[in-house]
Amino acid sequence: VVTIANYIINRKVTPDTSVDDVLFAIGSKTANFSVDKNELEKAIEETLSENQDAVENYKNGNQGSLQFLLGKVLRKTKGRGNPSEIREKLVAKLSEK
């Protein structure tokens, strides 16, 4: 709902704009938000191996390190992926190590 409202407000949709045009534009925009599972797993593994200090800080109770790692994963996936899902996967991986 928020995506639709943002699109209508920010794109200044006119009464002449067809519903199909709006839905197509929103659908193609949100389709780019998803990321392949394998790509996400690879990004998480690379991020954890490249940022050992942040991993250690998280294990020592620094919750800010989790946010740092989340940002790094999102950077690797070029902003694609659900941040909540990525956070869950990061916590799971960090508890394994």
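**A walk around helix α3**

Among the chain's contacts between residues at least 6 apart in sequence, 59% join residues at least 24 apart. Keep that figure in mind, as several of the pairs below link distant parts of the chain.

What we have here is a predicted model. The mean pLDDT of the chain is 83, with 79% of its residues at 70 or more. Confidence isn't even along the way: helix α2 (residues 19-31) is lowest, with a mean of 64, while α4 is highest, at 96. As for the architecture, the chain has 6 helices and 0 strands, so reading along the sequence you simply get α-α-α-α-α-α. Of the 97 residues, 26% count as buried.

Let's settle on α3. This helix takes in residues 37-50, and its 14 residues should span 20 Å at 1.5 Å a residue; the C-alpha atoms at its ends are 20 Å apart, which agrees. Just ahead of the helix, Asp36 caps the N-terminal end, with a side-chain oxygen 3.3 Å from the backbone nitrogen of Asn38.

Which residues of α3 are buried? They are Leu40, Ala43, Ile44, Thr47 and Leu48. Looking down the axis of α3, you find its buried residues within an arc of 125°, so they line one face of the helix. The spacing makes sense in general terms: an α-helix has 3.6 residues a turn, so residues three or four places apart point the same way. Turn to the other side of α3 and you meet the exposed residues Asn38, Lys42 and Glu50. And what covers the buried residues? The cover includes α4 (52-59), α5 (64-76) and α6 (83-96).

Thr47 is worth a stop. This threonine sits in helix α3 and has a relative accessibility of 0%, which means that it counts as buried. A polar atom of the Thr47 side chain lies 2.7 Å from the backbone oxygen of Ala43, and Ala43 is itself one of the buried residues of α3. Setting aside neighbours within four places in sequence, Thr47 is in contact with Leu69, Lys72, Val73 and Lys76.

Ser49, also in helix α3, makes a handy comparison. Here the relative accessible area is 49%, so Ser49 is partly exposed; the cut-off for exposed is over 50%. Its side chain, too, reaches back to the backbone: the oxygen of Glu46 is 3.0 Å away.

Now for the charged side chains. Side chains of opposite charge can pair when their charged atoms come close. The count of salt bridges here comes to 7, and we can follow a few of them out from α3.

Start with Glu41 and Lys89, which form a salt bridge with their closest N and O atoms 3.6 Å apart. Glu41 is in helix α3 and Lys89 in helix α6, so this pair ties together parts that are 48 residues apart in sequence. Both ends are partly exposed: Glu41 has a relative accessibility of 27%, and Lys89 has a relative accessible area of 23%.

Glu45 and Lys93 come next, meeting in a salt bridge at 2.9 Å, N to O. Once more the pair runs from helix α3, where Glu45 lies, to helix α6, where Lys93 lies, so it ties together parts that are 48 residues apart in sequence. The two ends fall into separate classes, though. Glu45 is partly exposed at 32%, whereas Lys93, at 17% relative accessibility, counts as buried, because the cut-off for buried is under 20%. Put these residues together and you have a network of salt bridges that links Glu41, Glu45, Lys89 and Lys93.

At residue 50, Glu50 forms a salt bridge with Lys76, the closest N and O atoms being 3.2 Å apart. This pair links distant parts of the chain, with Lys76 in helix α5 and Glu50 in helix α3, 26 residues apart. Lys76 is partly exposed, with a relative accessible area of 30%, while Glu50 counts as exposed at 52% relative accessibility. Lys76 may ring a bell, too: it is one of the residues in contact with Thr47.

So where does α3 reach? Its salt bridges include one to Lys89 in α6 and one to Lys76 in α5, and those two helices are among the elements that cover its buried residues.

Technical notes
Residues are numbered from 1 along each chain as its sequence is written. This is a predicted model: local features need pLDDT of at least 70, side-chain atom pairs count only at pLDDT 80 or more; totals for chains, interfaces and linings use all residues. Side-chain values use heavy atoms; hydrogens and water are left out. Helices (H or I, at least four residues) and strands (E, at least two) are DSSP runs, numbered from the N terminus. The expected span of a helix is 1.5 Å times one less than its number of residues. Buried means under 20% relative accessible area, exposed over 50%, partly exposed in between (1.4 Å probe, protein chains only). The arc is that of the directions from the helix axis to the C-beta atoms. Contact means heavy atoms within 4.5 Å. A polar contact is a pair of N or O atoms within 3.5 Å; within protein, one must be able to donate a hydrogen and the other to accept it, and residues adjacent in sequence count only if both atoms are side-chain atoms. A salt bridge is a side-chain nitrogen of Lys or Arg within 4 Å of a carboxyl oxygen of Asp or Glu. pLDDT is the predictor's confidence in each residue, from 0 to 100.
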